[in-house]
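The following questions and answers go through one protein model. Each answer works towards the value or name that was asked for.

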Amino acid sequence: MTINVVVIDDHTLVREAVCRMIDSEPDLAVVGQAGGIAEGRTVLAQSLIHVLVVDVSMPDGSGLVLARAAREASPRLGIVVLTMHNDDETLLEALDLGASALVLKSAPSDEVIAAVRRAAVAPDAFMATGLAEALRRRDSSDKPKLTPREAEVLDRLVAGDSIAAVAKRLYMSESTVKTHVSKVYEKLGAHNRASAVMSALRLGLVRAESVGQTRR
């Protein structure tokens, strides 16, 4: 089976080099190319393809927006984002839109070819260098910032302590504990203890074995 590929990139020399590289492989064939978003839409509509290789930044729009529309129109289409942007925002946006891979333009040619072949057979399995690190940074930035006192109060709530017990254990008045609890709920987007515990577990702020384990 020949894998049909469309390449969309506004840099003519880059686009032609990518097309030549793909066409040099016996199982790959470039069936269309474009230098912009508008032209790319036309090529995509007229071509029967298995993989789209698309740049991110183009004069008439974002390649990621075009890729998202292509994914919605063809759920089994492989999408390889080929870009010079080596940043978390671009990588995570490509992941979220449903791309199959993100490859830097500085990558070796065999990495690009491998990404195209993989996208054709596993369009839903995203691949990118640095993905795990980017996800960790995103998860870390998404966590609410609790003060040390709020973290202590959350820990006691998760353990099952009552407001009075928290106050006694942490040497605070009950009104002060209630103030901290209110702030913890607000930061976690919670409305009660149960939802606060669930949010804390989901965000990795506490461990599952801590739930209900009131310390003596």
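Q: In which strand does Asn4 lie?
A: The structure is a predicted model. In it, the place of Asn4 is strand E1.

Q: Is Asn4 buried or exposed?
A: Leaving aside neighbours within four places in sequence, Asn4 is in contact with Ala29, Val31, Leu48, Ile49, His50 and Val51. Its relative accessibility is 17%, and the cut-off for a buried residue is under 20%. Asn4 therefore counts as buried.

Q: What is the strand order of the open sheet of six strands?
A: The pairing in this sheet is parallel. Its edge strands are E2 (28-34) and E8 (127-128), each of which pairs on one side only. Read across the sheet, the order is E2-E1-E3-E6-E7-E8.

Q: How many bridges join strand E1 to strand E3?
A: E1 covers residues 3-8 and E3 covers residues 51-54, and the two run parallel. Val5 has Val51 as its bridge partner in E3. The number of bridges joining E1 to E3 is four.

Q: What angle does the direction of helix H1 make with that of E2?
A: Helix H1 (residues 12-23) packs on the sheet, where it touches E1, E2, E3 and strand E6 (78-83). Another helix, H2 (residues 37-46), lies across E1, E2 and E3 and runs at about 135° to E2. For H1, the angle with E2 is about 160°.

Q: How far apart in space are Val30 and Cys19, C-alpha to C-alpha?
A: Val30 is found in strand E2, and it counts as buried at 18% relative accessibility. Apart from neighbours within four places in sequence, its contacts are Val5, Val7, Cys19, Ile22 and Asp23. Val30 and Cys19 are 11 residues apart in sequence. Their C-alpha distance is 6.3 Å.

Q: Why are the buried residues of H2 on the same side of the helix?
A: The buried residues in H2 are Ile37, Gly40, Val43 and Leu44. In general, an α-helix has 3.6 residues a turn, so residues three or four places apart point the same way. The buried residues of H2 are on the same side because they cover an arc around the axis of only 115°.

Q: Which exposed residues are carried by the face of H2 turned away from its buried side?
A: The cover over the buried residues of H2 includes E1, E2, E3, E4, strand E5 (61-62) and H3. The face turned away from that buried side carries the exposed residues Ala45 and Gln46.

Q: How many residues does the largest nonpolar core have?
A: Ile8, Leu44, Leu52, Val54, Val81 and Phe126 have the most contacts inside this core. At least two of its residues come from each of E1, H2, E3, helix H3 (63-73), E6, helix H4 (88-97) and helix H6 (131-142). Another core lies apart from it, with 21 residues, among them Ile3, Cys19, Met21 and Val51. The largest core has 28 residues.

Q: Which residue does UniProt list for "modified residue: 4-aspartylphosphate"?
A: The residue is in the loop between E3 and strand E4 (57-58). It is buried, with a relative accessible area of 4%. Beyond four places in sequence, it touches Ile8, Asp9, Asp10, His11, Gly63, Leu82, Thr83 and Lys105. The UniProt record, an unreviewed entry, lists Asp55.

Q: What is the relative accessibility of Thr83?
A: Thr83 is found in strand E6. Not counting residues up to four places away in sequence, Thr83 touches Asp55, Val56, Thr90, Leu102, Val103, Leu104 and Lys105. Thr83 counts as buried, and its relative accessibility is 0%.

Q: How far apart are the end C-alpha atoms of residues 4-120?
A: UniProt, in an unreviewed entry, places the feature "domain: Response regulatory" at residues 4-120. Over this stretch the chain is 47% helix and 26% strand. The end C-alpha atoms are apart by 9 Å.

Q: Which residue in the loop between helix H8 and helix H9 is exposed, with a relative accessible area of 76%?
A: Helix H8 spans 163-170 and helix H9 spans 174-188. The residue has a positive phi of about 60° although it is not a glycine. Its relative accessible area is 76%, and the cut-off for exposed is over 50%. The residue is Tyr171.

Note on methods. Residues numbered from 1 in each chain as written. Predicted model: local features only at pLDDT ≥ 70, side-chain atom pairs only at ≥ 80, totals over all residues. Heavy atoms only, no water. Buried < 20%, exposed > 50% of the residue type's maximum accessible area, 1.4 Å probe, protein only. Pairing = 2+ DSSP bridges. Contact = heavy atoms within 4.5 Å. Axes fitted to C-alpha atoms, helices over the stretch in contact; angles between N-to-C directions. UniProt positions renumbered as here; feature names shortened; annotations may be inferred. Core = buried A, V, L, I, M, F, W, Y, C linked by side-chain atoms within 4.5 Å. Arc of directions from axis to C-beta.
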